[in-house]
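Please look over the model shown here before reading on. The report below takes up two buried-or-exposed assignments and one helix pair.

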Amino acid sequence: MTKSRGRGPTIAKDINRRLVYQLIKQKRITSRVEVANELKLNKNTVNSIVDEMLAHDFIIERGPQETQTAGRKPIIIHFNASKKWAIGIQLTSTVIHWTVTDLHAKPIHSFSVPLQACTPEHAVLAIEFGVRELLRTYPIDSCIGMGIGVPGLMNAETGTIIRSSHLNWNNIPFLKLLSDKIGLPMQLDNSVKLASLGEAWHGLGQGVSNFVYCYFGNGVGCSIMMNNMILRGDVNAAGELGHIVTEPGGELCGCGNRGCLETSISLPAIMKRLKPYSVSATHQAPLDAMEWIAAELKQGSSPVVEKLDQVGEQIGQALSYVTNLLNPKLIICDGPLMEVSDYLFPIIEKQLKARSVSSTVDKLQLARSELFPLASCIGAAANVIQAWEEVLIAFD
């Protein structure tokens, strides 16, 4: 019987390789000595892994470190985040937002393209064309994959969009449709959940372990970050803020209930109620609608002021439930509706204070996202980067 050699030393090196990689990436600028000391690894082990990273351009050496002590000075090494790149996409019913990022999920190039028709076939063709165009500029050998954010309930493992009321899609095997056309590693997830990941990497959520991200636009979305992890729930449906009932017996919602928050404060709902006062058909597009609303608000239009007062009160009511249940440190508000956040926030905050337990609301911060419209794209790219780094065993 032949004795198995096993993979003990190989597995140990794989683990050490990821540890060294992650620490250098986190620090951005460090030295071999510092890495060995912090990880409590043998210097020869660290030197071997750093030499690998140097050979494959994941590290750039910047010369000796200036110190006050005598003896050999440590060589400064920089993490080369531009060695690889990732694609982040947010799909909506009218437009596709794109970003190309480095390994820190920092956007290198971002753009938005109108979606001609909101069907799976048109979306696949548009994404396929966009990827082809990107590969004219960025080398495919350095692309670690593509993340796609889609509004709706989905099975992330199978890549199936179970239901999306905003896209009017049901049981669409979207990841398979894309994989048949595009030969890149792909991740599919809910766009709002990915947006909270984007905020955690590059937005207001950096360094905040417990926060809530809310999106207010054509729909209402919410993602909950608890202890630095996205709270998903049993069927990946945690955070359905838009389907909290704020007007019992109100308008019928796409979910089948009546009086959901989304039926009152989404942009289509707002414009429906303000339609008698709007003369332009172009106001159906989110940004066009918000431009009109902001202009009318500035002029003191009574119908717009009255509607926005109601919107602010209902958002505050819904967020008070979130605050009392989850006690977040921060609530980040994003989306086209936040173009008038200066007007809405005082109303929302008043409702929060009136409806929330004081211990949960006293230190709560309410803030407008600084990443619009790219939070979901950044999160989609970050999702791909995380998946790639989890199985990193060789620098090639």
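What follows describes a predicted model, taking a residue in one helix, then the packing of that helix, then a residue elsewhere in the chain.

## Residue Q351 in helix α11

Q351 lies in helix α11, which covers residues 341–355. Its relative accessible area is 16%, and because buried means under 20%, Q351 is classed as buried.

Once the neighbours within four places in sequence are set aside, the residues in contact with Q351 are E313, G316 and Q317.

## Packing of α10 and α11

Helix α10 comprises residues 302–326, and it packs against α11 with the two axes 7 Å apart and at an angle of about 40°. The angle is neither under 35 degrees nor within the range of 65 to 115, and the two helices are therefore oblique to each other.

The crossing in which α10 passes α11 is right-handed. Sorted by class, the residues in the contact of α10 with α11 are 10 nonpolar, 7 polar and 3 charged.

## Residue K25 in helix α1

K25 is placed in helix α1, which runs over residues 8–27. With a relative accessibility of 7%, K25 counts as buried, because the cut-off for that class is under 20%.

Leaving out residues up to four places away in sequence, K25 touches F79, L103, H104, W201, I385 and E389. In addition, the C-alpha atoms of K25 and A81 are 7.8 Å apart in space, although the two residues are 56 residues apart in sequence.

Definitions and conventions. Residues numbered from 1 in each chain as written. Predicted model: local features only at pLDDT ≥ 70, side-chain atom pairs only at ≥ 80, totals over all residues. Heavy atoms only, no water. Helix = DSSP H or I, 4+ residues; strand = E, 2+ residues; numbered from the N terminus. Buried < 20%, exposed > 50% of the residue type's maximum accessible area, 1.4 Å probe, protein only. Contact = heavy atoms within 4.5 Å. Axes fitted to C-alpha atoms, helices over the stretch in contact; angles between N-to-C directions. Parallel < 35°, antiparallel > 145°, perpendicular 65-115°, else oblique. Left-handed = near helix turned anticlockwise from the far one by under 90°. Nonpolar A, V, L, I, M, F, W, Y, C, P; charged D, E, K, R; others polar.
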